[in-house]
Amino acid sequence: MATVMKRYVLKLFISLKYITANVVDRNNGKIVATSSTVEHALKNMFECGRSCNAKAATIVGEVLARRLKVEGLDDGQGRGIHININKEVEKKGFKNRTKVWAVVNALKDSGVKLVLEDRYDDV
């Protein structure tokens with residue numbers, strides 16, 4: 001099996017109530033690190049109530065960054081972790097733009113090597 005150039009990909013799942021960020025290893029389809037507002041430890045850090053905000057998204061990004069560092073994957077094994085921002089925003093429309101960027105910026109601020117993909121790239 002050939003290794004995939006864009007091996008590690010960040011996938012976001014954002015609903016009104018929850019924010020989940022997963023880093024997927026495209027060689028085997030497995031999630032190598034995850035962080036979500038549904039986790040008990042995170043849920044207690046903020047009030048999501050009926051909607052999770054950008055602050056919650058930032059915390060999800062920071063926790064994911066720590067978990068990637070523990071796994072030694074914060075640089076995507078030298079190739080970075082890929083994310084298609086436009087694709088992630090388009091999943092739920094304009095309302096999620098601030099949440100998507102909050103996760104991305106938290107990861108970058110925590111030292112994770114991200115590769116921002118263009119909408120037309122194959123991600």
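Two strands count as paired if DSSP finds at least two bridges between them. Keep that rule at hand for these exercises on a predicted model.

**Exercise 1. In which sense do β1 and β2 pair, and which residue of β2 stands opposite Tyr 8?**

Step 1. Count the bridges. β1 and β2 share 7 bridges, and pairing needs at least two.

Step 2. Read the direction. The two strands run in the antiparallel sense.

Step 3. Find the partner. Opposite Tyr 8 stands Asp 25 of β2.

Step 4. Look at the link. The strands form a hairpin, with 4 residues between them.

**Exercise 2. Work out the strand order of the sheet, and say which strands stand at the edges.**

Step 1. Take β2 and β3. They run antiparallel and are joined by 6 bridges. Here Asn 22 stands opposite Thr 34 in β3. Their hairpin also has 4 residues between the strands, and Gly 29 in this hairpin takes a positive phi near 75°.

Step 2. Take β4 and β5. These run parallel, with 3 bridges. His 82 has Val 115 of β5 as its bridge partner.

Step 3. Put the strands in order. The open sheet of 5 strands reads β3-β2-β1-β4-β5, and its pairing is mixed.

Step 4. Find the edges. β3 and β5 each have a single partner strand, so one side of each is left without a neighbour in the sheet.

Step 5. Add the twist. From one strand to the next it averages 30°.

**Exercise 3. Is β2 largely enclosed or not? Explain why.**

Step 1. Apply the cut-off. Buried means under 20% relative accessible area.

Step 2. Check one side. Ile 19, Ala 21, Val 23 and Asp 25 are buried.

Step 3. Check the other side. Thr 20, Asn 22 and Val 24 are buried too.

Step 4. Conclude. 7 of the 7 residues of β2 are buried, so the strand is largely enclosed by the rest of the structure.

**Exercise 4. Which helices lie across the sheet strands, and which element gives the largest share of the largest nonpolar core?**

Step 1. Place α2. This helix lies across β1, β2, β3 and β4, at about 140° to β3.

Step 2. Place α4. This helix lies across β1, β2, β4 and β5, at about 140° to β5.

Step 3. Turn to the core. Of its 29 residues, those touching the most other members include Leu 10, Leu 64, Ile 81 and Leu 107.

Step 4. Compare the shares. α2 gives the largest, with 8 residues.

Key:
Residues numbered from 1 in each chain as written. Predicted model: local features only at pLDDT ≥ 70, side-chain atom pairs only at ≥ 80, totals over all residues. Heavy atoms only, no water. Axes fitted to C-alpha atoms, helices over the stretch in contact; angles between N-to-C directions. Contact = heavy atoms within 4.5 Å. Core = buried A, V, L, I, M, F, W, Y, C linked by side-chain atoms within 4.5 Å. Buried < 20%, exposed > 50% of the residue type's maximum accessible area, 1.4 Å probe, protein only.
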